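Got your viewer open? Let's take a walk through this one together, one selection at a time.

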Amino acid sequence: MGEAGKTKFQSDLRRYLRETDEDRDLTRLICEIADASKYIINSIRTGDLGVAGTSNLYGEEQLALDVLSDRILRKRLLHSGVVANIVSEECNEIITVSADCEGKYSVAYDPLDGSSLVDVNLAVGTIVGIYKGCDVLLPGRNLVAAMYILYGPRTTLVLSTGKGVHEFAMNSLMEYDLQRENIQLAPVGNIYAPGGQRNKYTPGVEAFVRYLEEKGAKLRYSGGFVPDINQVLLKGKGIFLYPHLQDAPNGKLRLLYELNPMAFLIEQAGGAASTGRGRILDLLPRGIDDRAPVFIGCKDDVAKAEEFIARMG
Ligand code: AFP
């Protein structure tokens with residue numbers, strides 16, 4: 001399977017969700033998040049960092065970009081009228097918006113994952129997982145939707161509401177147009193993105209990476225989870241890993257707002273997402289800052305990782 005299939009069907013995001021009979025409130029929520037991305041892009045591109053922290057030349061305070069991105073996104077969610085609870089990478093507790101769960105959604109997000117990469121002009125992204133109702137401390141298999149927005153040379157939005165994975169690209173009017181429908185991953189890939197220090201890999205992980213290298217896989221790692229996953233998804237093949245390390249048994253990436261949304265998307269594209277010993281989407285979060293090791297991408301590559309880890313740890 002080559003590049004994910006392109007489509008001639010042109011539709012903006014809202015119209016696409018309407019035409020695929022998506023729940024009206026979920027459509028509203030997804031479009032609010034998409035709209036928020038326009039303001040996040042502006043801050044990234046112009047360095048206009050709003051208020052707080054050090055002063056800029058206008059005497060205003062400046063925010064760290066991830067804090068500003070969080071404020072932009074949170075404000076849209078707070079005023080959307082369809083959100084019950086929020087979990088943000090920038091806040092160490094659950095933000096209750098409404099005690100009324102009926103017809104509402106709860107959102108777990110990383111407003112600007114990889115924000116430190118902006119200083120070196122590398123791609124970063126917003127990652128969002130959406131649950132129906134009030135509870136967010138649920139296994140990721142309960143997600144009703146997941147999406148990410150990738151701020152790269154182009155701004156793209158990748159979304160699934162459980163009916164396949166679709167890519168939208170921002171046009172000159174800052175609206176999102178459908179680019180690819182039903183993106184699918186091949187069973188086996190030829191690129192790998194190995195996170196974490198190699199000298200801290202366990203024997204099983206080291207053996208798995210050597211297996212990938214010996215079969216000719218090429219290393220593609222940017223340090224940004226969103227662009228690295230996006231490369232696997234849009235090339236239709238590959239694997240990203242941030243494994244358990246000798247001094248970090250749970251790896252680095254956060255379950256609620258990094259791993260679960262990406263695992264939902266990758267599984268919707270026919271791939272797999274594992275801790276190395278079990279499905280990411282089956283993990284019951286103990287807290288909002290839970291971390292887990294991750295092997296995510298082509299399902300046969302993920303299964304091979306699990307084999308090596310079962311055999312060698
Ligand atoms: P930050 O959001 O703290 O920059 O971390 C980004 C990230 O969580 C994820 O986007 C990358 O895949 C991973 O860290 C990279 O980690 P290393 O810098 O250890 O490779």
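Start by selecting F208, Y211, F295 and F308, which ring pairs link into a cluster. Keep in mind as you click around that this is a predicted model. Show the side chains of these four residues as sticks, so to speak your first landmark: the cluster that ring pairs make of F208, Y211, F295 and F308.

**More rings**

How many aromatic pairs does a search of the whole structure find? Seven. Let's visit two more stops on that theme.

Select Y16 and F168. The ring centres here are 5.4 Å apart and the planes sit at 75°, so Y16 and F168 make an edge-to-face pair. Now colour by secondary structure and see what they join: Y16 belongs to helix 1 (residues 13–19), while F168 is in strand 7 (residues 166–170). Those are distant parts of the chain, with the two positions 152 residues apart. Buried or exposed, what would you say for Y16? Buried, at 6% relative accessibility. F168 counts as buried too, at 0%.

Next, pick Y221 and F240. Their ring centres lie 6.2 Å apart with the planes at 25°, and because that angle is under 30 degrees, the pair of Y221 and F240 is stacked. Where do these two sit? Y221 is in the loop between strand 10 (218–219) and helix 5 (225–235), and F240 is in strand 11 (residues 239–242). This pair also links distant parts of the chain, 19 residues apart. Switch on a surface and compare the partners: Y221 is partly exposed at 36% relative accessibility, whereas F240, at 2%, is buried.

**On to the cysteines**

Select C101 and C134. They form a disulfide, with the sulfur atoms 1.9 Å apart, and a search of the whole structure finds one disulfide. Which hand does it have? The torsion about the S-S bond of C101 and C134 is about -105°, so the disulfide is left-handed.

Zoom out a little to see what is being tied together. C101 is in the loop between strand 2 (95–96) and strand 3 (105–113). C134 is in the loop between strand 4 (124–132) and strand 5 (145–151), 33 residues away from C101. With the surface still on, look at C101: its relative accessible area is 33%, so it is partly exposed.

Two last clicks. C31 is buried, at 5% relative accessibility. C298 is buried as well, with a relative accessible area of 0%.

How values were computed
Residues numbered from 1 in each chain as written. Predicted model: local features only at pLDDT ≥ 70, side-chain atom pairs only at ≥ 80, totals over all residues. Heavy atoms only, no water. Disulfide = S-S within 2.5 Å. Helix = DSSP H or I, 4+ residues; strand = E, 2+ residues; numbered from the N terminus. Buried < 20%, exposed > 50% of the residue type's maximum accessible area, 1.4 Å probe, protein only. Phe/Tyr/Trp six-rings, centres within 6.5 Å; stacked < 30°, edge-to-face > 60°.
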